[in-house]
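Thank you for making time for this. I would like to walk through one structure with you, going from a loop to the strands and then to the core.

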Amino acid sequence: MSGMSDRKPYLLRAIYQWIVDNDCTPHLVVAAPGAGWVHGVPQHLLQENMLVLNISPQATANLQIEDDDITFHTRFGGKSHQVWVAMAAVASLVARENGEGISLPVADDIEAGPKNTRQAARDDADKAPDNPDPPAGGSHLRIIK
């Protein structure tokens, strides 16, 4: 049936809830983060081929898994950040404790970054509200190799 919306955000919302309901830590794996698919993450974390973000309720605030992107507030090095991840670059969502979750397709040319997409047209200022209430404590995010 043509005309159906992308199933990726629906699957991510379901797997996220399943991981959290089973007292595990959801880790979002993002392909080619430095190609323009991610905003709000310190530059040194965007240098790898894959970026792994802890998106647990304890590590984030205001997590939204929308049709085109995932947004949330978090802390890196004690500083509050509004993070935006394009849905196109989401490669998987897995539980840190056991690796269970879902792998999702990304475009073969993901390293080329967004081009002529809604993500590319977005203004960064629209994605970064003024210092919302971030989660307390230090950063819960780390790269896993």
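**From a loop to the core**

Let me begin with Asp 23, which lies in the loop that runs between α1 and β1. Please keep in mind throughout that what we are looking at is a predicted model. The backbone of Asp 23 has a phi near 55 degrees, a positive value in a residue that is not glycine. Is Asp 23 buried or exposed? With a relative accessibility of 71%, Asp 23 counts as exposed.

Asn 62 can be described in a similar way, and here we move to strand β4, where this residue is found. Asn 62 is not a glycine either, and its phi is positive, at about 55 degrees. Its relative accessible area is 49%, and Asn 62 is therefore partly exposed, given that a residue is called exposed only over 50%.

Strand β4 brings me to the sheet. Four strands, in the order β2-β6-β5-β4, make up an open sheet with antiparallel pairing. Which strands are at the edges? They are β2, residues 38–39, and β4, residues 61–65, each of which pairs on one side only. Looking at the β2 edge in detail, β2 and β6 are paired in the antiparallel sense over 2 bridges, and Val 38 stands opposite Val 85 in β6.

Within this sheet, I would also point you to Asp 69, which belongs to strand β5. Asp 69 has a relative accessibility of 7%, so it counts as buried. What joins the side chain of Asp 69 to that of Trp 84? The answer is a polar contact of 2.9 Å between the two side chains.

There is a further pairing to show, that of β1 with β3, which is antiparallel and extends over 5 bridges. In this pairing Val 30 stands opposite Leu 51 in β3. Strand β3 itself is mostly covered, with 4 of its 5 residues buried.

Let me now turn to the interior. The largest nonpolar core holds 35 residues, and of these Ile 70, Val 85 and Leu 93 touch the most other members. Which elements give two or more residues to this core? They are α1 (8–21), β1 (26–31), β3 (50–54), β5 (69–76), β6 (79–86) and β7 (90–95). Val 85 is thus a residue we have already met, as the partner standing opposite Val 38.

If we take Leu 93 and set aside residues up to four places away in sequence, its contacts include Leu 12, Ile 15, Tyr 16 and Ile 19, together with Pro 26, His 27 and Leu 28, and also Ile 55 and Ile 102. Val 94, which has its place in strand β7, can be treated in the same manner: beyond its neighbours within four places in sequence, its contacts include Ile 19, Thr 25, Pro 26, His 27 and Gly 101. How far apart are Val 94 and His 27 in sequence and in space? They are separated by 67 residues in sequence, while their C-alpha atoms are 5.3 Å apart.

I will finish with the aromatic rings. A search of the whole structure for aromatic pairs finds 0 of them. A ring does take part in another kind of arrangement, however, in that the charged end of Arg 13 sits over the ring of Tyr 10, at 4.8 Å from the ring centre.

Notes. Residues numbered from 1 in each chain as written. Predicted model: local features only at pLDDT ≥ 70, side-chain atom pairs only at ≥ 80, totals over all residues. Heavy atoms only, no water. Phe/Tyr/Trp six-rings, centres within 6.5 Å; stacked < 30°, edge-to-face > 60°. Lys NZ or Arg CZ within 6 Å of the ring centre and 35° of its normal. Core = buried A, V, L, I, M, F, W, Y, C linked by side-chain atoms within 4.5 Å. Buried < 20%, exposed > 50% of the residue type's maximum accessible area, 1.4 Å probe, protein only. Contact = heavy atoms within 4.5 Å. Polar contact = N/O pair within 3.5 Å; in protein donor to acceptor, adjacent residues only side chain to side chain. Pairing = 2+ DSSP bridges.
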